[in-house]
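Colleague: I have a new model open on my screen, and I would like to get my bearings. Could you walk me through it?

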Amino acid sequence: MTEDVALSPLGRADGSASYANNGYSVIAAVNGPVEVQRRDEIPEESAIDVVLRPAIGVGGVRERHLESVIEKTLRQVILVSAHPRTLIQITLQVVASPDDSKALNGLHQSASNLSLLPTLLQSSILALISTSLPLTMTLTSTLIAVSWSGEMIFDPAARIVEKAASLHVLAFSSLGDLLVAESEGTFDMDIWDQVYAMAEKHCRTLDPGAPARMADVDMESSKSASLEDSLQGIIEGKAAREYRWKES
């Protein structure tokens, strides 16, 4: 898996980030807390507005569904009680996706809404970190495709997604909670349990002494860094840059 991450690429946003992975590239911008219209005001919390813009054309039902999933997820991540009666705006611009060339050539585009979701979630949390808004936790997310033979593949290519028996997007908080569990296709609970175990191992830095739900899964990748490790490295790098002036 190859990731391309940049914090604060946009100068006029309160916080921003670009994130590219598995053929998808997204730029996220966060503004807020800002003044909210009276009809959207929440007395004890911040309102959260998520806008998703596709790379080609205008948004439709697919984008509205993804906006809803992201908004509900980020409401658990942001400390919304810190800024009541305000609005936090999150804009997600898809820069590139495997479907772009198909759309330009008039070919059939992917019917799945899930392939893009992990990139949207990762770019959102990175942009929120860039703003220094108070958060209750961070999150990491991954996509797993399950073939008809039962093989499980992280960050599958577009051709694998189209032929997969099922697709699963899971997101875990830094506290260990499951924040997102979106699935589509044909699968049973045994498959889902294996998907959960693999996704948790891939996303989180697990305590070696903690009980694991992966007894039936071969985890040869346990020696590799988790997504949580990568995110922690990004946060530490941001903090080091911001406090560099103290060393001079």
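Modeller: Happily; this is a predicted model, and what follows is a run of short questions and answers about it.

Colleague: Let's begin with confidence. What pLDDT does the protein average?

Modeller: Confidence here is scored per residue on a scale from 0 to 100. Of the residues, 85% score at least 70. The average pLDDT of the protein is 87.

Colleague: Which stretches have a pLDDT below 50?

Modeller: Residues 104-108 stay under 50, and the model has 3 contacts for them beyond four places in sequence. There is also a stretch with 14 contacts beyond near neighbours in sequence, where the pLDDT is below 50 as well: residues 208-223.

Colleague: How many helices and strands does the protein have?

Modeller: Glutamate 67 sits in one of the helices, α1, which covers residues 61-77, and proline 33 sits in one of the strands, β3, which covers residues 24-35. The full count is 6 helices and 9 strands.

Colleague: What share of the residues counts as buried?

Modeller: To count as buried, a residue must have under 20% relative accessible area. The accessible surface of the protein comes to about 12900 Å², with 49% of it belonging to carbon and sulfur atoms. Of the 248 residues, the buried share is 45%.

Colleague: Among contacts with a separation of 6 or more, what percentage comes from residues 24 or more positions apart?

Modeller: A contact here means heavy atoms within 4.5 Å. Taking the contacts with a separation of 6 or more, the part that joins residues 24 or more positions apart is 66%.

Colleague: Now for empty space inside. How much space lies in the largest cavity?

Modeller: Rolling a probe the size of a water molecule over the atoms shows where empty space is left. A search of the whole structure finds 1 cavity of 30 Å³ or more. The space in the largest cavity is about 90 Å³.

Colleague: Which elements give two or more residues to its lining?

Modeller: The lining has 15 residues, and the closest to the cavity centre are Asn21, Pro118, Thr119, Leu143 and Asp155. By type, the lining divides into 6 nonpolar, 7 polar and 2 charged residues. The elements that give two or more residues are β2 (15-21), α3 (117-131) and β6 (139-146).

Colleague: Aspartate 155 caught my eye there. Is aspartate 155 buried or exposed?

Modeller: Aspartate 155 lies in the loop between β7 (152-154) and α4 (158-163). Its phi is near 45°, a positive value in a residue other than glycine. The relative accessible area of aspartate 155 is 15%, and the cut-off is under 20%, so aspartate 155 is buried.

Colleague: What is the phi of serine 132?

Modeller: Serine 132 is placed in the loop between α3 and β6. With 48% relative accessibility, serine 132 counts as partly exposed. The phi of serine 132 is positive, in a residue other than glycine, and is near 65°.

Colleague: Is the peptide bond from glycine 32 to proline 33 cis or trans?

Modeller: Proline 33 is found in strand β3. Omega for the bond from glycine 32 to proline 33 is near 0°, and the bond is cis.

Colleague: Back to helix α1. Which residues is glutamate 67 in contact with, leaving aside neighbours within four places in sequence?

Modeller: Glutamate 67 has a relative accessible area of 11%, so it counts as buried. Arginine 64 lies in helix α1 too, but at 40% relative accessibility arginine 64 is partly exposed. Arginine 64 is in contact with Leu52 and Gly59, while the contacts of glutamate 67 are Val50, Val51 and Leu52.

Colleague: What about arginine 12: how many ångströms separate its C-alpha from that of valine 30?

Modeller: Arginine 12 is in the loop between β1 (3-7) and β2. Its relative accessibility is 84%, and the cut-off is over 50%, so arginine 12 counts as exposed. Arginine 12 and valine 30 are 18 residues apart in sequence, and their C-alpha separation is 10.0 Å.

Colleague: Last one: which helix holds serine 230?

Modeller: Serine 230 counts as partly exposed, at 33% relative accessibility. Serine 230 and threonine 140 are 90 residues apart in sequence and 9.6 Å apart in space, C-alpha to C-alpha. The helix that holds serine 230 spans residues 227-242 and is α6.

Definitions and conventions: Residues are numbered from 1 along each chain as its sequence is written. This is a predicted model: local features need pLDDT of at least 70, side-chain atom pairs count only at pLDDT 80 or more; totals for chains, interfaces and linings use all residues. Side-chain values use heavy atoms; hydrogens and water are left out. On a 1 Å grid over the protein atoms alone, a cavity is a set of points where a 1.4 Å probe fits but cannot get out, and a pocket is an open set with protein on both sides within 12 Å along at least five of seven lines; lining residues have an atom within 4 Å of a point. Grid points are joined across faces, edges and corners, and a volume is the space filled by probe spheres set on the points. Helices (H or I, at least four residues) and strands (E, at least two) are DSSP runs, numbered from the N terminus. Ala, Val, Leu, Ile, Met, Phe, Trp, Tyr, Cys and Pro count as nonpolar, Asp, Glu, Lys and Arg as charged, and the others, Gly among them, as polar. Buried means under 20% relative accessible area, exposed over 50%, partly exposed in between (1.4 Å probe, protein chains only). Accessible areas come from the Shrake-Rupley method with a 1.4 Å probe; for residues, only the protein chains shown count as cover. pLDDT is the predictor's confidence in each residue, from 0 to 100.
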